[in-house]
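Student: Please take a close look with me at one part of this structure, the place where strands pair up. After that, I would like to hear how the rest of the chain can be read in the light of it.

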Amino acid sequence: MFYLNENYHVIRTSNNIFYQFHIDKHKKIIVEKYKNNILQSSIPLEKHVVTYSLDIDENNIIHFIYMDTDGTLKYTSYSINNLDNNHNHTDIFYMNTKNFNLYFLKLKILSNKPHVFYATKMKLKKTKFSIYHSYIKNTKWTNNILDYIETKSLPKPYIIDTYKHNIYIFYSPNNSSNYCIKQFSPDNNIWKPIDNNICIDDFNNLRFLITKTGVAYICYNSSKNKNLQLFIRYKDLTKSNSVWSKDILVSNNDDNAFYPSLISQDNSISVFWYNGSSIIYKNSDEKNHTFSNNKSLNFEKGNIINLTYLSNHSEDINIRSTSVFTNCCSQPFIPAYSQTKSITNSTKNLTTNLNTTSKKDNIKNNIPSNQENTFSKSCIKEKKNTIIHNDKNKSITKQNNKNIINSTNKNISSNNMNKQLTYKNINNKNKKIDDKSTNINDLNNKTNGKKIYTNESNYNITDKVLYIKKLEKTIQTLNNSIKNLNEENSDLQKKISTLTEQIEESKCNINILNKQLNMTLKKYTYLLDLYDYEINYLNYLKKSCESPLK
């Protein structure tokens, strides 16, 4: 069986110690240390982790970025000798998880300094994704918006890579077939476009890699001749007049190529993929780009996993990869491309299988273990789970909208009560003013404008008038407050109307998704039935061929 698992990262240090990182079912980052293929320790590194990314610098310092369940994006670094000690965390920014989501978190180390990339999007609005680039400037973290993108169907709308002292981002601004590449220079902290017209039609599983020599590769799947075929193109970024090559067909016409992986090693490029039963790869040098015949990796019994591999070891110094294939029943997860060295050396350097009894539970927490299903059934299950997950998100969004409407109605009721109290106060003030005016008129009639004397104090008609003017100003202030409350009430009514529309739209989307789910299930049920029929028919033919002729 084959599995994708982005929660797994394997790091190999310069002194040949392996560290495996993964998120367990309790949202803890677990790090396991292997030395001489023997498990040395297994400790929880961080708690309450939603998503994470990591990288290692040339000094064997592991840089770690993650978002916790409270919505805080945190950064820290670890020495490989002090992983189990407490470390200081730096908060990069806080995100309101009720209104926003964070996606596609990626950490890259450039000249031993961290650069963080992520995308955010509002939950209740049809807005574009905002790509952020965060880095340390003058001892403080700065968060800058790199661009706005639309991503309706792409699993990874942007890919980050480095070459020498620059960072490169490969992405599609409009979720179309047109891609671009931008370059970031840490000397002036400026992004500049270097290629704005890269056209890729009808693709899946897009990969992007820059080799140590500065050659950029784009690899992708495309459906041709009823098969998912694999194509690659390249361009030398070190030459200003270089252009992209034509697409090169790497896989065979009569075979499928799933989940491609690019690995640059010395002056050669290797393309790995999964054909439904085994791992296939082809090699080529970076000059002629004439790929070899298909070769396969012979794993021992176990499951194949595709994960992120980072290394500082001298054997890997000239190797760069998008991801690597390995056997998840071998600990640590040694990359499968190490087997390709047997072509020129010997066949003894295969992946070492260790006793993994203590590790099986951890693997099962992160990787499905039903090995009896075929690859097509696992795909169907994955698609079904994706659709069901989308339905759950729609239901959660609908419930959030209802909660917001209820809260808004409460605010409106409170505002109405405040308005009634304000009107009551104004009426009381007006009544007092009328009483004062009546008293003043009586005094004017009795005294004809002369001063009067009482036992308590001397009153002047002018003082009465000033007091009335003061009350009039108070009334004016209260009238302004009423006007503001009316405007707030109007705004709240508009928000209620907008939220109501969004709820109706969510209902429609849920109905559409339900229909799509039913259609998809019917389609794959039909395919499974057809598959079972063909298997039975093949078995019948096999038995017929094996039986003696009568």
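Tutor: Two strands pair if DSSP finds at least two bridges between them. Strands themselves are DSSP runs of E with at least two residues, while helices are runs of H or I with at least four residues, and both are numbered from the N terminus. Please keep in mind that this is a predicted model, in which local features need pLDDT of at least 70, side-chain atom pairs count only at pLDDT 80 or more, and totals for chains, interfaces and linings use all residues. Residues are numbered from 1 along each chain as its sequence is written, and side-chain values use heavy atoms, with hydrogens and water left out.

Now let us look at strand β11. Strand β11 covers residues 129-137, and 6 bridges join it to strand β10 (residues 113-122), with the two running antiparallel. One place to find this pairing is Phe117, whose bridge partner in β11 is His133. Strand β11 is also joined to strand β12 (residues 140-149), this time by 9 bridges, and these two run antiparallel as well. Here you can look for Tyr132, which stands opposite Ile145 in β12. Follow the chain from β11 into β12 and you will find a hairpin with 2 residues between the strands. In that turn sits Asn138, with a positive phi of about 55°. As a general rule, strands of a sheet pair through backbone hydrogen bonds, either parallel or antiparallel.

Another group of strands makes a good companion to this one. An open sheet of 4 strands has the order β17-β18-β19-β20, and its pairing is antiparallel. Strands β17 (204-210) and β20 (248-249) stand at its edges with a single partner strand each, so one side of each has no neighbour in the sheet. Inside this order, β18 (residues 215-224) and β19 (residues 227-236) run antiparallel and are joined by 10 bridges. To find the pair by eye, start at Ala216 and look across to Lys235 in β19. Strand β18 also holds residue 219 within its range, and Cys219, at 0% relative accessibility, counts as buried; buried means under 20% relative accessible area, exposed means over 50%, and partly exposed lies in between (1.4 Å probe, protein chains only). Cys180 is buried too, with a relative accessible area of 5%. A search of the whole structure finds 0 disulfides, a disulfide being a pair of cysteine sulfur atoms within 2.5 Å.

Strands also take part in salt bridges, where a side-chain nitrogen of Lys or Arg is within 4 Å of a carboxyl oxygen of Asp or Glu. The count by this rule comes to 8. In one of them, Arg12 meets Glu315, with the closest N and O atoms 3.2 Å apart. This pair links distant parts of the chain, since Arg12 is in strand β1 (residues 2-12) and Glu315 is in the loop between β25 (304-311) and β26 (319-321), 303 residues apart. Arg12 is buried at 9% relative accessibility, whereas Glu315 is partly exposed at 45%. Arg12, Glu315 and Asp316 are linked in a network of salt bridges.

Another salt bridge joins Asp161 to Arg320, with 3.0 Å between the closest N and O atoms. It links distant parts of the chain as well: Asp161 lies in strand β13 (residues 158-163) and Arg320 in strand β26, 159 residues apart. Both ends are buried, with relative accessible areas of 5% for Asp161 and 14% for Arg320.

Helix α3 shows a local pair instead. Lys507 forms a salt bridge with Glu504, the closest N and O atoms being 3.7 Å apart. The two are 3 residues apart in helix α3 (residues 461-546), which means they are separated by about one helical turn. Lys507 is partly exposed at 34% relative accessibility, and so is Glu504, with a relative accessible area of 40%. Leu527 lies in helix α3 too, and its relative accessible area of 37% makes it partly exposed.

Finally, step back to the whole protein chain, which has 3 helices and 29 strands. Buried residues make up 41% of its 550 residues.
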